[in-house]
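Subject: Handing over a structure

Hi there,

Here is the structure I promised to pass on to you. Have a look at it first, and then read on for my notes.

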Amino acid sequence: MKTIIICNNVESLYLQNTITNLLKFCCKNLDKHAKIVGKWIRLKCPFAKFKHQHGKDDHPSFGIYLDFPHGYNCFSCGSKGIRIKDLLNELGYNGEFNSSDNFFNFCLPSYVENVDNVKKMCYNKMLAHFVPCPNHPYLIERGIDFYIAKELQVCYDEIANRLCFPVFDCTNCCTGIQGRSLGSNLPKYKFYTINNTMNTGLLYGEQWVNFDDPLVIVEGVFDVAKVKPHWYNVCTFFGVNPSKKVIQKLFFAKKVLMLFDNDKAGYLACNILQSMLPLTQCINIQQNLGYKDPGEMPTEVVRWVVSKHVRGLK
């Protein structure tokens, strides 16, 4: 069988052979007509017996996604997940799983963006010059819990007079920093750049996000800090316009709770996210309670809003 290069991300010969062997396995054991279509291996759903009407999948609707972020999905019964290795073990795949092979060991939120190592080092060095400040007066004024601010590693840039919120990827490496100015004559928010550039596709909260649980998405870092004491699974992509890289990271989320700002842009963001995540259950949980965003809500109000859609709140 001819080795197929799926995309630029899949460059190693070992990984190409892995995909080839996976396709052979699917053809032999699951669906003899399994084939690669674009960036997917498409085949009949292996769960059809239990989840499909009449117990079969006459029109192949199951796919294993070969590009980043990896995962599997049935467009008919809705079975989907991010643990390809577990899925294949369950289906009886006995091929070799190399510990360094990203394809089989990849599990969201372990989406590792191609960030230049030098840039990563620079952001980490930059953080070393800032002062940790979980008890900063401005945080107290905004009602941000001390322990949450400490967990978020909020720090203070004395030179620029900014509170800084470092952005970490799934490996806990700093890939960006957003600053909130405390001066009156400066823009409120500013991303720190290196050589006048910054990483794209930043997802604040990526290091703790779990796409198997309901995921609350908000507009900003202060909103995250207000929700997190009650529900751990919260993140932001810094605004209302998700980039393609962000959508790739969110693609396999099972349920998204959209808690954007209570304004026209916030409602528009809900529509955008729903259209870009057609396989995910997206629910708008905005409440017209007289508050602009979760960051302005009293903590008991935030808890009440989220509790209507999430079990096991703190």
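Below is what turned up, beginning with a sheet, then the cysteines, then the cavities.

One thing to keep in mind from the start: this is a predicted model.

The sheet

A good place to begin is an open sheet of five strands, paired in the antiparallel sense and ordered 6-7-8-9-10. Its edges are formed by strand 6 (131–132) and strand 10 (189–191), each of which pairs on one side only.

Strand 8 covers residues 162–168 and strand 9 covers residues 174–181; the two run antiparallel and are joined by seven bridges. If you would like to trace this pairing by eye, F165 has Q178 of strand 9 as its bridge partner, and P166 stands opposite I177. The hairpin made by strand 8 and strand 9 has five residues between the strands, and N172 in this hairpin takes a positive phi near 65 degrees.

Strand 9 also pairs with strand 10, again antiparallel, over three bridges. Here G179 has K190 in strand 10 as its bridge partner.

Is strand 9 buried or exposed? Eight of its eight residues are buried, so strand 9 is largely enclosed by the rest of the structure.

The cysteines

How many disulfides are there? The count comes to zero, taking a disulfide as a pair of cysteine sulfur atoms within 2.5 Å. Two cysteines show how this works out. For C26, the closest cysteine sulfur belongs to C27 and lies 6.9 Å away, so it is too far for a bond. For C174, the closest cysteine sulfur is that of C173, at 7.0 Å, which is also too far for a bond. C26 is buried, with a relative accessible area of 0%, and C174 is buried too, at 0%.

The cavities

Searching the whole structure gave four cavities of 30 Å³ or more. The largest cavity has a volume of about 40 Å³. What lines this cavity? You will find L259, F260, D261 and N262 there, along with Q286 and Q287, and then Y291, K292, D293, P294 and M297. By type, this lining divides into five nonpolar, three polar and three charged residues.

If you want a starting point on screen, try strand 9, which pairs with strand 8 through seven bridges and with strand 10 through three. From there you could move on to the lining of the largest cavity, which includes F260 and M297.

Happy exploring, and best wishes!

Terms used. Residues are numbered from 1 along each chain as its sequence is written. This is a predicted model: local features need pLDDT of at least 70, side-chain atom pairs count only at pLDDT 80 or more; totals for chains, interfaces and linings use all residues. Side-chain values use heavy atoms; hydrogens and water are left out. On a 1 Å grid over the protein atoms alone, a cavity is a set of points where a 1.4 Å probe fits but cannot get out, and a pocket is an open set with protein on both sides within 12 Å along at least five of seven lines; lining residues have an atom within 4 Å of a point. Grid points are joined across faces, edges and corners, and a volume is the space filled by probe spheres set on the points. Ala, Val, Leu, Ile, Met, Phe, Trp, Tyr, Cys and Pro count as nonpolar, Asp, Glu, Lys and Arg as charged, and the others, Gly among them, as polar. Two strands pair if DSSP finds at least two bridges between them. Helices (H or I, at least four residues) and strands (E, at least two) are DSSP runs, numbered from the N terminus. Buried means under 20% relative accessible area, exposed over 50%, partly exposed in between (1.4 Å probe, protein chains only).
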